[in-house]
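Reader: Hi! I am new to protein structures and would like to learn how to read one. Could we go through some features together?

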Amino acid sequence: MSKLFARIAGYFSQRTLAGMDKAGNRYFTRKEEIDGIMKEKRWVAFKGEDDPTSIPVEWICWLNGQRKKAPTPEEMMELEARREQIQQHVARKVGGPDLKSFIQQFPAASEGDQVKEASDAMDGMRDSKERPTEKAKPVRPDQDLPKPGGGEYGEFYSLPALNDPKIDRLPYSIRILLESAIRNCDNFQVTKDDVEKIIDWENSSTKQVEIPFKPARVLLQDFTGVPAVVDLACIRDAMNDLGRDPRKIDPLFICLNTSIHIQVPVDLVVDHSVQVDVARSENALQVNMELEFRRNKERFAFLKWGSSAFHNMLVVPPGSGIVHQVNLEYLGRVVFNTYGILYPDSVVGTDSHTTMIDGLGVAGWGVGGIEAEATMLGEPMSMVLPGVVGFKLTGKLRDGVTTTDLVLTVTQMLRKHGVVGKFVEFYGEGMAELSLADRATIANMSPEYGATMGFFPVDHVTLQYLKLTGRNDETVSVIEAYLRANKMFVDYSEPQQQTVYSSYLQLDFADVEPCVSGPKRPHDRVPLKEMKADWHACLDSAVGFKGFGVPKEEQDKVVKFSFHGQPAELKHGSVVIAAITSCTNTSNPSVMLGAGLVAKKACEMGLQVKPWIKTSLAPGSGVVAKYLERSGLQRYLNEQGFHIVGYGCTTCIGNPGELDESVASAISENNIIAAAVLSGNRNFEGHVHPLTRANYLASPPLVVAYALAGTVDIDFDKEPIATGKDGKSVYFKDIWPSNEEITEVVQSSVLPDMFKSTYETMTKGNPMWNKLSVPSSTLYPWDPKSTYIHQPPYFKDMTVDPPGPHGVRDAYCLLKFGDSITTDHISPAGAIPKDSPSGKYLLERGVSPKDFNSYGSRRGNDEVMTRGAYANIRLFNKLLNREVGPRTIHIPTGDKLYVYDLAMRYKAAGQEKIVLAGEEYGSGSSRDWAAKGLALLGVKAVIAKSFERIHRSNLVGMGIIPLCFKPGEDVDTLGLTGHERYTVDLPRKISDIRPGQDVTVTTDTGKSFTCTARFDTEVLAQPSASVVIDICGRIAISGVGQREMITGVGRVAVFEMTTNCSAGGVGIF
């Protein structure tokens, strides 16, 4: 028990009954001297209870904005510790989380208090003398939002009240950034200048200006969530070792420029762990879930510990759905109403497809885990104010064209236009033709077309979807009223004011045609009518993104084999995996029910998918199963082998399970270019399955069609899919449903009650999850024998003073790459080969190959993941002279070793390492381990033509220097062989390092060239920091900081330019 709480408890025996209110609550008082002033402290005993709560009334007044003076730092810690007690009493005794009705029952203010009406108290937490400058006066909520029948919904920060005509021309996505800046403006973390930059977006966005942004919440999935929680647990250990309170490392209260603080909600959905071990079976769902829990019990227990050890963290158990669909259907708020203050929902997530929520009008995008951890702990994100591409939609989709066809077309257009680092905002009369699910599909693919966001402003379609998915009428009314009042709602029935964009694109829906994308990249769109010709061109072409280099004489090869006693055959282009999967499409009833209609028509005509094709259906939420069952279409999908195998990402994330041994042998022994067709968003080679070198993204109905055809080497317009039961040829057009058929079944099958019942059940967990036993400790009890959860080495052997920045000296080139090296190449998520360094590590610790699980599931163990860096079997390293695989060359001797083994040889010799690459280095999924693995291998810098946004940030966060060649230069033009030794000169003082500055690189062969240092933002450590912990392994102590005095709780911040490689610091305040 703390001294503060003991002191409070001691007064109860000497309390005086002061009176009773109308609700039957009794009030007790006692005079005490505090800071030389006699004050009357008050406590409340709720009706029906004998003893008062330990929470002083004044604290609750402060939470509600009726008391200007905040609790002391010690009191803040106590308040946080008693938070659940407050919520329990207020919710049970008053009827809701809003404290106003509770506060109104209190007696008049006691002597020494500063109590005001709530609306008058919203002028900041501190007096001006406690602010760093005389300008430090936060903006107040300046507008009440009235209810139609009287009263008010709450207060908000009004954009119209700024009375600036430039705001009316801002893109809606930028208005969200503006509102956040105004609401959080304290002239400390967010300044008046930041607000003015955003208001003047039309001019400032062209100048690469930097702004802070505070998202309203954080979203995690288990593959990225586990390492994030591991990091937080590790930082708690570091705090404890320093003799400080480890509880300070916690998602904390964020000040809304009032005396109210709120916490950053953190939602973690477990969806990446389920594998398709069993398919084409009625019990596939149950068996796969049981195997998922058996393999991942330790990981799941760790996450369950995190949900109790860290406040405000919700963990959605396995089997509930895919994170982005759960976010769309359940977690997305659109508008927050916290303590009577209204503000827009916004979210950053540790999965690149967090952008799916943009379809709901919620600003959201993917970030690295280090950035997410900082956001969880209250620090603003530093970002470049983005340009916004206006994408006008017109017309109507032709019959037979799906939303997937549309999104693949949009992806290709935007990729060609160039939208990296930008927002894309959709508008135009075509918006009326798009359902919310259609919009979410387009927004989901933002990473594939390279944008930070693909944003759809809130309109009537959004409100209809909110009602459909079970949000109550009151909530929807608040959302509409607030967004209209704050000029964030689009009403297409009214004249539209001209919005200004950085550039413009336009698409007529009538121009969209059926298509797929592949065979190796999501933006390589192929019209369906050209698919056969494109496939043969890929066979002919040299190995590359659109080529396999198969000699002409081998292209018609047929391999016959026995599949469980049945005769079977494979050729180049044979489909061996057909998966309806992924958040991109399984959230959309039109394409899911469309797939069911294709299966139904095929069954009626006597068509059957070949038994050696691994078919699967993995819905994004339980709602999909309900409407497929109601429509009667699930049984037809089952007949074609598309049984439900799990509620998670499965094949799309690289968890398709093993192919049948006979199929795998036929492929590998005969060098067959086998194909996978999936309704996913990623098809990089090696991502879906090691044995499927051709991977095509397609709509769910097309997945069924290609499974029925059994090959991608087909012209659907001219060639039959198969022969029907009547002996006649069945063509694509015979099984393809019309738009009218799909609309009819959607309207009759998708009902609001399905969403309500699904998520009511989800919040109760499931029996396997509920049985997990976890420790209740503040610090995690690491098990040194664990192969899943391991204490990382980031904070070992720390010195009190950070070493300062350093460059790179005489480094060897570890790997030399061309273009489009993805995070899948750098840090695979799929199966762990038993002969790999990671596989050998697990075997040495008694783990059998059948229990290896995946790299993604092992991300809580740095030993496995460091060995898994660059472990992709399709890795193309130019040092190996066109040999493919996870090995590289030891430059001094010419020895060829696994990347990990070679990196350790260099490390043992005290030799530094760099990586050379081409364009789009680090594209693909946001993966911390694609940077953490490099750091633990000892890589000091990556020199590339360009970087993917999130990966660049992760490299900086791990102390790895990202350098870009100058335009027109690259490895080839500079004549770099990779056999040189490289030196990178960085300034020796932090203050001399600036975003985008030139850095000289020299080699031991006499070459010298200039690169751009990709430190894109200048976020410096404040001198008031009490503790700075560098994620790469340093701690600096510099006394008690002002921020700690302001918040009373701990924070972690990411600094792009601080100690150790002038990058990658995490500071605790």
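Reader: Let me start with a helix end. Which residue caps the N-terminal end of helix 9?

Author: Good place to start, and please keep in mind that this is a predicted model. To spot a cap, look for a side-chain atom that sits by a backbone atom at the helix end. Here the cap is Gln 221, with a side-chain oxygen 2.7 Å from the backbone nitrogen of Phe 223.

Reader: How many residues does helix 9 have, and what is its reach from first C-alpha to last?

Author: Helix 9 covers residues 222-241, which makes 20 residues, and its reach is 28 Å, close to the 28 Å expected at 1.5 Å a residue. Of those 20 residues, 18 are buried, so to speak of helix 9 as mostly covered is fair. Just after helix 9 comes Gly 243, with a positive phi of about 80 degrees.

Reader: How many residues of helix 6 are buried?

Author: The general idea comes before the count: an α-helix has 3.6 residues a turn, so residues three or four places apart point the same way. Now the case here: 12 of the 12 residues of helix 6 are buried, so the rest of the structure largely encloses this helix. Among the buried residues are Arg 175, Glu 179 and Arg 183, along with Ile 174 and Leu 177. Helix 6 spans residues 172-183 and reaches 17 Å, close to the 16 Å expected.

Reader: Let me try strands. Which strands pair with strand 35, and in which sense, parallel or antiparallel?

Author: To read a sheet, follow the bridges from strand to strand. Strand 34 (residues 913-916) pairs with strand 35 in the parallel sense over 4 bridges, and Ile 914 has Ala 941 as its bridge partner. Strand 35 is also joined to strand 36 (residues 961-965) by 4 bridges, again in a parallel run; there Ala 944 is partnered by Cys 964. Between strand 35 and strand 36 the chain passes through helix 34 (residues 949-957), and this β-α-β crossover is right-handed. As for cover, 5 of the 6 residues of strand 35 are buried.

Reader: Which strand pairs with strand 31 in the antiparallel sense?

Author: That is strand 37 (residues 981-984), paired with strand 31 over 3 bridges. Tyr 812 is a handy residue to follow: it stands opposite Arg 981 in strand 37, and its bridge partner in strand 34 is Lys 913. Strand 31 and strand 34 pair in the parallel sense over 4 bridges. Strand 31 itself (residues 808-816) is mostly covered, with 7 of its 9 residues buried.

Reader: What about single residues: is Val 576 buried or exposed?

Author: Check its relative accessibility: Val 576 has 0%, and therefore counts as buried. Val 576 belongs to strand 25 (residues 575-580). Its contacts beyond four places in sequence include Trp 612, Leu 659 and Ala 674. Val 576 and Val 677 lie 101 residues apart in sequence, with 8.5 Å between their C-alpha atoms.

Reader: Where does Leu 607 lie?

Author: Leu 607 is in the loop between helix 20 (589-604) and strand 26 (614-617). A loop residue can be checked in the same manner: with 3% relative accessibility, Leu 607 counts as buried. Among its contacts beyond four places in sequence are Gln 640, Leu 708 and Val 730. Leu 607 and Lys 725 are 118 residues apart in sequence, yet 7.3 Å apart C-alpha to C-alpha.

Reader: Which peptide bond is cis, with omega near 10 degrees?

Author: The one from Gly 518 to Pro 519. Pro 519 lies in the loop between strand 21 (515-517) and strand 22 (525-527).

Reader: What is the phi of Gln 208?

Author: Look at the sign as well as the size: phi of Gln 208 is near 55 degrees, positive although the residue is not a glycine. Gln 208 counts as exposed, because its relative accessibility is 60%. Lys 487, also not a glycine, has a positive phi of about 60 degrees; at 33% relative accessibility, Lys 487 is partly exposed.

Reader: How many helices and strands does the chain have?

Author: It has 35 helices and 43 strands. Of its 1069 residues, 63% count as buried.

Note on methods: Residues numbered from 1 in each chain as written. Predicted model: local features only at pLDDT ≥ 70, side-chain atom pairs only at ≥ 80, totals over all residues. Heavy atoms only, no water. Buried < 20%, exposed > 50% of the residue type's maximum accessible area, 1.4 Å probe, protein only. Helix = DSSP H or I, 4+ residues; strand = E, 2+ residues; numbered from the N terminus. Pairing = 2+ DSSP bridges. Right-handed = clockwise from strand over helix to strand, strands pointing away. Expected span 1.5 Å × (residues − 1). Polar contact = N/O pair within 3.5 Å; in protein donor to acceptor, adjacent residues only side chain to side chain. Contact = heavy atoms within 4.5 Å.
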